[in-house]
Amino acid sequence: MTSTDVLFERLAEHRRETEAMSLRMLFENDQQRFARFSVTLDDLLFDYSKTHVTPETIELLAALARAADVESRRDAMFAGEKINVTEDRAVLHTALRAGADAVIRVDGEDVMPDVRAERTKAARFADGVRSGALLGATGERFTDVVNIGIGGSDLGPAMAALALAPYVQKGLRGHFVSNVDGAHINDTLRGLDPTRTLFLVASKTFTTQETMANAGAARRWLVGGLGEAAVGAHFAAISTNVQAVEAFGMSAERMFRFWDWVGGRYSIWSAIGLSLMILIGPKNYEAFLEGAREIDEHFRTAPLEENIPALMGLIGIWHRNVCGYDTHAVLPYDQRLARFPAYLQQLDMESNGKSVTLDGAPVKRKTGPIVWGEPGTNGQHAFYQLLHQGTNVVPADILLGAVPHEHVGDQHAMLLANGLAQGEAFMAGRTTEEASDILRSAGKSEDEIAALSPHKTFPGGRPTCTLAYRTLDPRTLGRLIALYEHKVFTQGAIWGINSFDQWGVELGKELANRLIPIVKGEAGAESLDASTRGLVAHLQKLRG
Ligand code: F6P
C-alpha cells in the first residue's frame, strides 16, 4: 500500500466517524466555523464551511496532497518540465500570463521572448481593428468579429466575451461559431455584412474537422459577397500549425502563433483569446492575465491549508472519493457567467476524465466528477428540486459578485439573497418537526400534517462552497478561471493521472471520418455494426 492509499483509508475511517454529525450541528458546535473554514485573498472569499469537514479532515487532505507530491508536481509544471508525458510536452499556460521579467525554459530555451512578441503582435492587431486603422477590403470599419473554433478554441473566448460584455467596445460585436451543424454558421452569418465582418479561425492543430468546415463556409460567404481578393483583409488565423495556416492562404502578419505546450482547454491566455482582446481591448485583456497571475502566485506560495485552489481540489477529492458523490454543480449567481459551467466542463472533464495513471495502470479510485450547472436564479426553477430533495447529493459551488455593473432597482440584492438562501437551505435543510410546526401554524389538522410533512422535509447536509468577489471584471474573471485550472491540477496530481492529454476524444473523431462517405452514400455500410447500419439506412431514406 502506498502512503496515499493509507491516507485514503484514514479519510474513509474519519468519514465513518463524523458522518452522523450534521452540518447544522457542526455550525452549532463551533462559533468559529466560518472563520476556520474560509480563506480571503484581497476581495475574493472562498467559504467552504458549508461542507462536511472538520480540522482533522483538512489535516488528512493536506497530508494526502503532500503524499501525492502535489507541490513538487506543481513546481515542475511552472518550471516547464514535460509533465504531459503521453504527448511529451510541457504544460505552460502559466507562462502566457507570467510577469514581465519571467524567464521560463522549455528544452533549455526561454519561451518568454516569443510569448511577449506574439502578445504584442496580437495587441497591435486588436488596436488596429478597434481604432479603425485596420479596415475591410472595401474600406469599411469592422463591426463584427466571428471566432471560428471549437472546444478550447471556442469555449474560453465565447464564455469570456459574455462574462465581460460591459467592457466590449461600443459598435463591436463578437460571434462564436463552433458546431459543424451548418445551422450554427448559417444563423451567425445571417444579418452580417461581409464588408464589416472579420473572421478569426482559431485552431491549435488547424486540422479540426468542424473548424475547417466552418472556415470554408465563411470563406465562401465572404468571396460570394466581396470576391476572392477580399479574403486577406477579412481573415486571420490562430494556431500552432504554421504550415496548415499557410496552406489555407493566410499571410504571416495575419497569423497568430502559440505553442504545443499550451493545452487547448488552457489556451484562452494565448492568441486564442484574440477575439476577446479585440472586443475588450488589450488593456482589459492585460488585467485578465494579471488576475490569473495573482492566482498562480497564490497557488505557488500559499501553504496547502490556506491555498484556495488546492483547497477546492481537496474538498473535491473528499466529495468524490470519500463521500462518493458523482457530480459537481457550478452555480454562478452572475448571469454573465452563463457559459462558465460549460467552460469548466471541458477544463475539468477533458482533463480529469481518465481511467489510467501516468504509468498506464488502472486508477484505484474514481477520478473527475461530472461537472454541470446553470446560473442562479434560473436553475432554482429547473433542477434545484433534485438538489434539495433528490436521492443524489450534489456538491455545488455558488459564485456571488457583490457589485453589479448595472443597478436595476433592488434586483442585485434579490440575486445575492437567493444565492445565499440556497446555500443555507442546502446546508440546514428543514426537519420534519420544523415542517410540522409550519403546517400547524398555517392551521392544518394533525392528519394533514402527518400526510404533508414528509414532502416538506428537506434533508439538508448538502455541501456547497461559495466564491464571493467584488465584481465580474477582467481581473476577477482571470482569477476565477485560474482557480479552477489549479483545482483540476491538484486533483489530477492526487489521482496520479495525466490531466493534459485527451486521447478519449480521438476514437469518435476517427469513426466520424469513416462514416462521412457512408452517410453521403459514397461508400458501403457493410463494415458497420447492425445498429449503426440500421440508423444510416433510416437517415438515408429520410434524406431522400
Ligand atoms: O475535442 C478535442 C480537442 O482536441 C480539444 O482538446 C480542443 O480544445 C478541441 O479539440 C479543438 O482543437 P483545435 O484547437 O486543434 O481545433
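Colleague: Before we start, what is a pocket, and how is a cavity set apart from a pocket?

Modeller: On a 1 Å grid over the protein atoms alone, a pocket is an open set of points with protein on both sides within 12 Å along at least five of seven lines, while a cavity is a set of points where a 1.4 Å probe fits but cannot get out. Lining residues have an atom within 4 Å of a point. Grid points are joined across faces, edges and corners, and a volume is the space filled by probe spheres set on the points.

Colleague: What volume does the largest pocket have?

Modeller: The largest pocket holds about 870 Å³ of space. It is lined by 32 residues, and Thr-205, Thr-208, Val-505, Glu-506 and Lys-509 are the closest to its centre.

Colleague: Which element gives the most to that lining?

Modeller: Helix α21 does, with five residues. Helices here are DSSP runs (H or I, at least four residues; strands are E, at least two), numbered from the N terminus.

Colleague: And the classes in the lining of the largest pocket, how many of each?

Modeller: Six nonpolar, 16 polar and 10 charged. Ala, Val, Leu, Ile, Met, Phe, Trp, Tyr, Cys and Pro count as nonpolar, Asp, Glu, Lys and Arg as charged, and the others, Gly among them, as polar.

Colleague: Is this a predicted model or something else?

Modeller: It is a predicted model, where local features need pLDDT of at least 70, side-chain atom pairs count only at pLDDT 80 or more, and totals for chains, interfaces and linings use all residues. Residues are numbered from 1 along each chain as its sequence is written, and side-chain values use heavy atoms, with hydrogens and water left out.

Colleague: What is the average pLDDT of the protein chain?

Modeller: The average is 97, and 100% of the residues score at least 70; pLDDT is the predictor's confidence in each residue, from 0 to 100. Among the elements, helix α11 (residues 242-247) has the lowest mean, 91, and helix α20 (residues 474-495) the highest, 99.

Colleague: New topic. How many disulfides are there in the whole structure?

Modeller: Zero. A disulfide is counted when a pair of cysteine sulfur atoms lies within 2.5 Å.

Colleague: Why does Cys-323 not bond with Cys-465?

Modeller: Because the sulfur of Cys-465 is the closest cysteine sulfur to that of Cys-323, yet at 11 Å it is too far for a bond.

Colleague: Is Cys-323 buried or exposed?

Modeller: Cys-323 is buried, at 15% relative accessible area, and Cys-465 is buried too, at 6%. Buried means under 20%, exposed over 50%, and partly exposed in between (1.4 Å probe, protein chains only).
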